[in-house]
Amino acid sequence: MRVLIVEDNEELARLVVGGLAKAGHPAEHAATAAEARHMLSVDTYDAVILDLGLPDADGLAVLREMRARQDPTAILVLTARAGVDDRVEGLRSGADDYLVKPFAFEELVARLEALSRRPRAMQGLVLTVANLSLDTAGKQAFVDEVPHVLSARELAVLEMLMRRKGRVVPKKLVEDQLFGAGGDLSSNAVEVYVHRLRKQLAERGAAVTIHTVRGVGYMIAEAKG
């Protein structure tokens, strides 16, 4: 499980990142809401550990933004706000779990691992852009509810784009997800898969466009007109 911890307490974040690594869950750290937003826009995580008392914004704002764009990432709120009203607000805003500081690290790990077994944390979600939908659990694409066959890598590219619809997915991230970091691949490998995907979707009447942002990456959006 790959985890992003959003926490402004540097010492606590360092301990959690180190502890999660020892438990077999690689983790990265964002100290502010702005850093978290950036990291979530360019990378994919299985879970987010989210503090609410961030220096530049309320963590609930980050949580609500993620859910508003249909980001299915499992979110565990980790905060000193212990009131019943605080817990209710966090859960109603889209958190999957809520843990109050101070906490036992073993419980944090257990709660994360429990979240990973839930359907949403396992990416069991239907993503939609215009008349195109993708069942990420069943690995099946649909146009106007008609199923269409795509290759495993075409599906992987499509899922990355649809999870960030309206935002640019860096080419390097696509490469790493498809072939592994440092993998041996030709210079135009990603372009080949994107080209195939565009062709397949166009032939099936999908009302979407995959834009190339030169020197950066790719973005999917509803076709205009």
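**A walk through charged and buried sites**

Lys165 is found in the loop that runs between helix α6 (152–163) and strand β10 (169–170). The structure shown here is a predicted model. With a relative accessible area of 34%, Lys165 is partly exposed, because that category covers values between 20% and 50%. In sequence, Lys165 and Met219 are 54 residues apart. In space, the C-alpha atoms of Lys165 and Met219 are 6.7 Å apart.

Strand β2 offers a second place to begin. This strand comprises residues 27–30, and Ala30 belongs to it. The relative accessibility of Ala30 is 0%, so this residue counts as buried. A separation of 10.0 Å lies between the C-alpha atoms of Ala30 and Leu40, two residues that stand 10 positions apart along the chain.

Strand β2 also contains Glu28, whereas Arg2 lies in the segment before β1 (3–6). These two residues form a salt bridge in which the closest N and O atoms are 2.6 Å apart. Because of where its members lie, the pair ties together parts that are 26 residues apart in sequence. Arg2 counts as partly exposed, at 23% relative accessibility, and Glu28 also counts as partly exposed, at 29%.

The bridge between Arg2 and Glu28 belongs to a wider set, for the structure holds 14 salt bridges. Another of them joins Asp58 to Arg81, with 3.2 Å between the closest N and O atoms. Asp58 is placed in the loop between β3 and α3, and Arg81 in the loop between β4 and α4 (84–92), so this pair connects parts that are 23 residues apart in sequence. Asp58 has a relative accessible area of 32% and is therefore partly exposed. Arg81, at 27% relative accessibility, counts as partly exposed as well.

Helices α3 and α4 are themselves tied by a salt bridge. Arg64 forms this bridge with Glu89, and their closest N and O atoms are 3.0 Å apart. Since Arg64 lies in helix α3 and Glu89 in helix α4, the pair ties together parts that are 25 residues apart in sequence. Arg64 is partly exposed, with a relative accessible area of 39%, and Glu89 counts as partly exposed at 36%. Salt bridges may also be linked to one another: Glu7, Asp51 and Lys101 are connected in a network of them.

The loop between β3 (47–50) and α3 holds Asp56 in addition to Asp58. At 40% relative accessibility, Asp56 counts as partly exposed. On the surface, Asp56 gathers with Asp8, Glu10 and Glu35 in a patch of negative charge.

On the other side of α3 in sequence, the loop between α3 (59–68) and β4 (74–79) contains Asp71. Is Asp71 buried or exposed? Its relative accessibility is 9%, and so Asp71 counts as buried, since the limit for that category is under 20%. The side chain of Asp71 makes a polar contact of 2.6 Å with the side chain of Thr73.

Definitions and conventions. Residues are numbered from 1 along each chain as its sequence is written. This is a predicted model: local features need pLDDT of at least 70, side-chain atom pairs count only at pLDDT 80 or more; totals for chains, interfaces and linings use all residues. Side-chain values use heavy atoms; hydrogens and water are left out. Helices (H or I, at least four residues) and strands (E, at least two) are DSSP runs, numbered from the N terminus. Buried means under 20% relative accessible area, exposed over 50%, partly exposed in between (1.4 Å probe, protein chains only). A polar contact is a pair of N or O atoms within 3.5 Å; within protein, one must be able to donate a hydrogen and the other to accept it, and residues adjacent in sequence count only if both atoms are side-chain atoms. Patches are made of residues with over 30% relative accessible area and no salt bridge: like charges are joined within 9 Å, nonpolar side chains (Val, Leu, Ile, Met, Phe, Trp, Tyr) within 5 Å. Accessible areas come from the Shrake-Rupley method with a 1.4 Å probe; for residues, only the protein chains shown count as cover. A salt bridge is a side-chain nitrogen of Lys or Arg within 4 Å of a carboxyl oxygen of Asp or Glu. Lys and Arg count as positive and Asp and Glu as negative; His and the chain ends are not counted. The place of a charge is taken as NZ of Lys, CZ of Arg, CG of Asp or CD of Glu.
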